[in-house]
Amino acid sequence: MTDIIIATKNSGKAKEFQHILKPLGYNVHCLLDFPDGEDVEETGQTFIENAILKAEAIAKQYGKLTIADDSGLVIDYLNGAPGIFSARYAGLEKNDLANINKVLNELANVPKDERAARFICALAIAGPARETITVEGTCEGYIADEMIGTSGFGYDPIFVVKDLDVTMAQLSPEQKNKISHRANAMKKLESILNS
Ligand SMILES: O=P(O)(O)OP(=O)(O)OP(=O)(O)OC[C@H]1O[C@@H](n2cnc3c(O)ncnc32)[C@H](O)[C@@H]1O
Ligand SMILES: [Mg+2]
């Protein structure tokens, strides 16, 4: 089995990568298993730039194949916010509930047809003696009026998946891992790695 590090300290992401990569024969570790993993500053201007920063720093630190994920929620009515600031939208303590409440307040009384949004996931894969590869996956939807569902993490309870009309937090992990921005990005990465 090939060892692979997921350069994340987010347990929700780590679980999803386990689900997706284990059946493909990878032995998956994340930075929750390696607490001395560098805290890489997300100083890029785009999801892709931040994914590259995280993947290359951790690949260098451990000398192993590394995938980093930089992702977030892009809301049209807020001109693309919270975007690359999704994790720290309501403050540096990265509180999911505070982030959700901030978005719901900003969209209070905004009609459904103006609540369009998408999740974006940029992945970078880096490692010793290889060029870094990046891909991006998206998932279209809109922002609900209130939190619904308990699965997933982050903004899932307020993100209604366009094609399904239920929130991401109402999907089982198996369902989310078929249609999510992360799943779509992983499909692209797999097809590049296999070609
Ligand atoms: O940087 P790492 O250590 O990977 O962990 P993080 O939580 O800081 O991750 P990001 O910098 O990529 O910020 C992404 C934020 O966007 C949100 N997000 C990303 N993917 C999501 C998903 O599948 N469902 C719900 N929210 C998501 C969530 O709030 C994350 O904290
Ligand atoms: Mg982060």
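Where is A129 found? A129 sits in the loop between strand 4 (116-127) and strand 5 (130-143). This is a predicted model.

**Backbone at A129 and N79**

Most residues other than glycine have a negative phi. A129 has a positive phi, near 55 degrees. N79 also has a positive phi, near 55 degrees, and is not a glycine. N79 belongs to the loop between strand 3 and helix 3.

**A cis bond**

The loop between strand 3 (66-75) and helix 3 (96-106) also holds P82. The peptide bond from A81 to P82 is cis. Its omega is near -5 degrees. Most peptide bonds are trans.

**Exposure**

Are N79, A129 and K112 buried or exposed? A residue is exposed if 12 or fewer other C-beta atoms lie within 10 Å of its own. N79 has 8 such neighbours, so N79 counts as exposed. A129 has 4, so A129 is exposed too. K112 has 11, and therefore K112 is exposed as well.

| Residue | Loop | C-beta neighbours inside 10 Å |
|---|---|---|
| N79 | between strand 3 and helix 3 | 8 neighbours |
| A129 | between strand 4 and strand 5 | 4 neighbours |
| K112 | between helix 3 and strand 4 | 11 neighbours |

**K112 and Q18**

K112 lies in the loop between helix 3 and strand 4. How many Å separate the C-alpha atoms of K112 and Q18? The separation is 35 Å. Along the chain, K112 and Q18 are 94 residues apart.

Conventions
Residues are numbered from 1 along each chain as its sequence is written. Chains are lettered from A and ligands numbered from 1 in the order in which they are written. This is a predicted model: local features need pLDDT of at least 70, side-chain atom pairs count only at pLDDT 80 or more; totals for chains, interfaces and linings use all residues. Helices (H or I, at least four residues) and strands (E, at least two) are DSSP runs, numbered from the N terminus. A residue is buried if 20 or more other C-beta atoms lie within 10 Å of its own, exposed if 12 or fewer, and partly exposed in between; C-beta atoms are placed from the backbone.
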